[in-house]
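Dear colleague,

I am passing on to you the structure that we spoke about, with its sequence. Please open it beside this message, so that you can follow the notes on the model as you read.

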Amino acid sequence: MSGTAADAVRRLLTGRLLPPLTVKLLHGRLLRLHLLADHTSLSLLLRALSSAGLHLHALRLHSLLPNPTFLPLALKAASRLPDHSLSRSAGVQLHARSLKHPTNPHVLTSLLTLYAKCGLLRDAHKAFDEIPHPGTVSWTAFITAYMDAGRVHEAVGVARKAFASGMRPDSFTAIRVLTACARVADLVTGEAVWRAAEQQGFAAGNLFVATAALDLYVKCGEMEKARAVFDRMKNKDAVAWGAMVGGYASNGHPREALELFFAMQTKGGMTPECYTVVGALSACARLGALDLGRRAVGMLPHWDEEVLDNPVLGTALIDMYAKCGSTGEAWTVFQQMRKRDIIVWNVMILGLGMTGHEKIAFALVGQMEKSGIALNDTTFTGLLCSCTHTGRVKDGRRYFHSMTQFYRISPRIEHYGCMVDMLSRAGLLEEAHQLIKDMPMRANAVIWGALLGGCKIHRDTDLAEHVLKQLILLEPWSSGNYVMLSNIYSNSGRWEDAAKLRLKMKERGVEKVPAASWVELDGKVHEFRVGDKSHPLSDKIYEKLDELGMEMKIMGYKPTTEVVMFDIEDEEKEHTLVHHSEKIAIAFSLLTTEPGETIRVAKNLRVCSDCHTAIKLISRITNREIIVRDNNRFHCFRDGHCSCNDYW
């Protein structure tokens with residue numbers, strides 16, 4: 001070997017990459033010097049050509065001296081060709097060449113990968129079946145083939161067969177299988193992989209494996225297990241922190257999401273990236289924590305520019321502002337965004353509808369069409385929600401029918417839900433019931449629940465009993481259904497029936513979801529529950545409630561005791577009403593904020609009619625704007641009036 005060629009090969013041996021032109025020259029040099037009989041040189045050159053992206057050169061080199069030892073390298077080069085037709089053609093030739101030699105698992109695994117990348121999953125399956133005793137690499141390649149084809153359920157099925165055959169996963173296999181299990185929420189198979197990784201000692205120590213396991217638990221709603229994995233991780237990166245923040249936010253743990261988000265900076269020493277901030281904004285939206293939301297987005301470097309160019313972040317920020325009752329700020333972000341996709345438009349329309357700005361929402365739809373943006377099913381969900389919250393039955397019917405007649409959009413179950421809710425609130429219970437019967441799909445618990453809500457408002461006990469039977473079939477352990485019917489019985493004076501229903505709840509182990517309200521103060525979220533006296537300011541809070549109660553009575557307020565579901569004395573009912581969680585939260589805010597400052601409260605259940613009446617009076621007495629977001633809609637109280645116009 002000449003000095004030049006030998007030096008080049010030595011450089012390849014040390015693992016240094018050569019420029020493509022040098023590799024081409026080396027290729028020609030080796031051919032001229034008849035060095036191809038040297039297996040080491042040939043192997044190095046094949047790798048160098050492939051690494052330099054010169055896959056055709058690698059294949060031509062192999063065709064000159066077709067050595068079976070180098071078939072896996074040639075197949076790998078063929079699989080990396082940009083043209084799938086060329087890859088397929090080269091693969092078929094190499095496959096035919098391989099048949100002249102004894103079966104080689106490495107060759108068959110490389111063939112499997114090549115066929116999979118060409119979209120020939122059936123041929124990939126055949127190649128796998130030819131492997132007599134597939135090892136971890138072969139099984140992993142087969143699993144990856146199904147995942148890359150988008151057939152994730154089948155990939156998980158292959159993984160189960162692999163483990164049943166005794167295959168022990170390496171770190172790469174574990175990551176692929178955990179990822180597949182997360183996509184289909186297969187906790188059983190995923191946990192089996194994680195246990196195997198723990199047994200082999202690369203679980204918590206491998207950041208990528210641990211993050212994949214964390215993601216699995218998050219997707220399956222197992223946040224305690226996700227946190228256990230997270231706490232054991234040795235070197236957490238921004239992805240792991242972000243997965244936990246997003247997991248808490250998406251699984252109904254907004255306070256934990258925010259605690260971890262801010263700990264990411266203070267304890268983890270990391271600046272959150274965009275999608276972690278999106279998770280934090282989602283948590284702020286859930287809690288109505290406006291100031292924390294502002295802080296969260298402010299952690300992004302150049303956040304104002306990023307929001308304007310990033311529809312995902314912009315959508316999350318608009319949603320947060322809207323759900324915190326700051327529609328003006330949501331509108332400002334929307335107007336300033338340079339990139340607005342259909343999702344951005346839809347979230348703004350929905351935000352306007354939720355906060356009682358239905359006319360602007362309708363106008364925005366017209367602006368969408370003028371801008372050439374096609375309305376989709378989510379756009380109509382926003383429009384129908386606007387009609388539901390404002391009692392615009394005529395407009396709601398018109399939008400619902402125009403979906404199919406003019407826009408050729410088939411209504412989804414969410415659209416039927418909006419219509420049933422709208423008709424039920426308006427007292428058109430029979431029309432709502434008939435719509436449910438005429439639906440092309442089976443009604444879910446949300447739709448029956450909307451009709452039940454209308455029965456409560458309009459005191460139709462007979463229909464409510466029928467609806468509850470449907471709900472119990474769908475959600476036998478949901479306390480809300482029993483509580484609502486119990487309220488209906490109580491409002492009708494049917495105390496014995498209400499007591500029987502409570503007894504049935506107890507027998508079935510159904511527990512009522514406790515009402516809770518949240519307010520944010522100085523970067524901390526305070527939670528209050530009915531009759532809660534755990535807060536350090538409890539004595540002052542209840543003194544404030546008594547003071548407000550006296551002023552309200554002077555103004556003619558009389559407690560709406562009929563909303564209390566138990567058969568107890570009126571005086572005791574009044575005491576219960578005073579201590580509802582939203583009233584406690586408002587009293588706390590009056591004590592801890594400056595005069596004239598807006599009060600924002602988020603509640604996990606629906607605001608009762610008594611609290612609604614009381615808060616209207618409190619807004620007048622204190623000259624405060626009080627924004628309450630329950631699990632159904634917004635109420636913006638100003639000077640004794642509510643933005644919902646008493647329609648909710």
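Below are my notes on a helix pair, two single residues and a run of strands.

Please keep in mind throughout that this is a predicted model.

The helix pair consists of H7, which covers residues 105–117, and H9, which covers residues 136–148. These two helices pack with their axes 9 Å apart and at an angle of about 10°, and because angles under 35 degrees count as roughly parallel, H7 is described as roughly parallel to H9. On the H7 side the contact is made by Pro105, Thr109, Leu112, Thr113 and Ala116, while H9 contributes Val137, Ser138, Ala141, Phe142 and Ala145. Sorted by class, the contact of H7 with H9 contains seven nonpolar and three polar residues, and no charged ones.

Of the two single residues, Val312 is placed in helix H20, which spans residues 311–323. With a relative accessibility of 36%, Val312 counts as partly exposed. Once its neighbours within four places in sequence are left aside, Val312 is in contact with Tyr275 and Val278; the second of these, Val278, is 34 residues away from Val312 in sequence, whereas the C-alpha to C-alpha distance between them is 7.7 Å.

Ser402, in turn, belongs to helix H25, residues 393–405. Its relative accessibility is 11%, and because anything under 20% is taken as buried, Ser402 counts as buried. Apart from neighbours within four places in sequence, Ser402 has contacts with Phe380 and Tyr407.

The strands that I looked at are E4 (residues 626–629), E5 (residues 634–638) and E6 (residues 641–642). Strand E5 is mostly covered, with four of its five residues buried, and E5 pairs with E4 in the antiparallel sense over four bridges. Within that pairing, Val628 has His635 of E5 as its bridge partner, and the two strands form a hairpin in which four residues lie between them. E5 is also joined to E6, again in an antiparallel arrangement, by two bridges, with Arg638 standing opposite His641 of E6. The hairpin of E5 and E6 has two residues between its strands, and in this hairpin Asp639 takes a positive phi near 50°.

With best regards

Technical notes. Residues are numbered from 1 along each chain as its sequence is written. This is a predicted model: local features need pLDDT of at least 70, side-chain atom pairs count only at pLDDT 80 or more; totals for chains, interfaces and linings use all residues. Side-chain values use heavy atoms; hydrogens and water are left out. Axes are lines fitted to C-alpha atoms, for helices over the stretch in contact, and angles run from 0 to 180 degrees between N-to-C directions. Angles under 35 degrees count as roughly parallel, over 145 as roughly antiparallel, 65 to 115 as roughly perpendicular and the rest as oblique. Contact means heavy atoms within 4.5 Å. Ala, Val, Leu, Ile, Met, Phe, Trp, Tyr, Cys and Pro count as nonpolar, Asp, Glu, Lys and Arg as charged, and the others, Gly among them, as polar. Buried means under 20% relative accessible area, exposed over 50%, partly exposed in between (1.4 Å probe, protein chains only). Two strands pair if DSSP finds at least two bridges between them.
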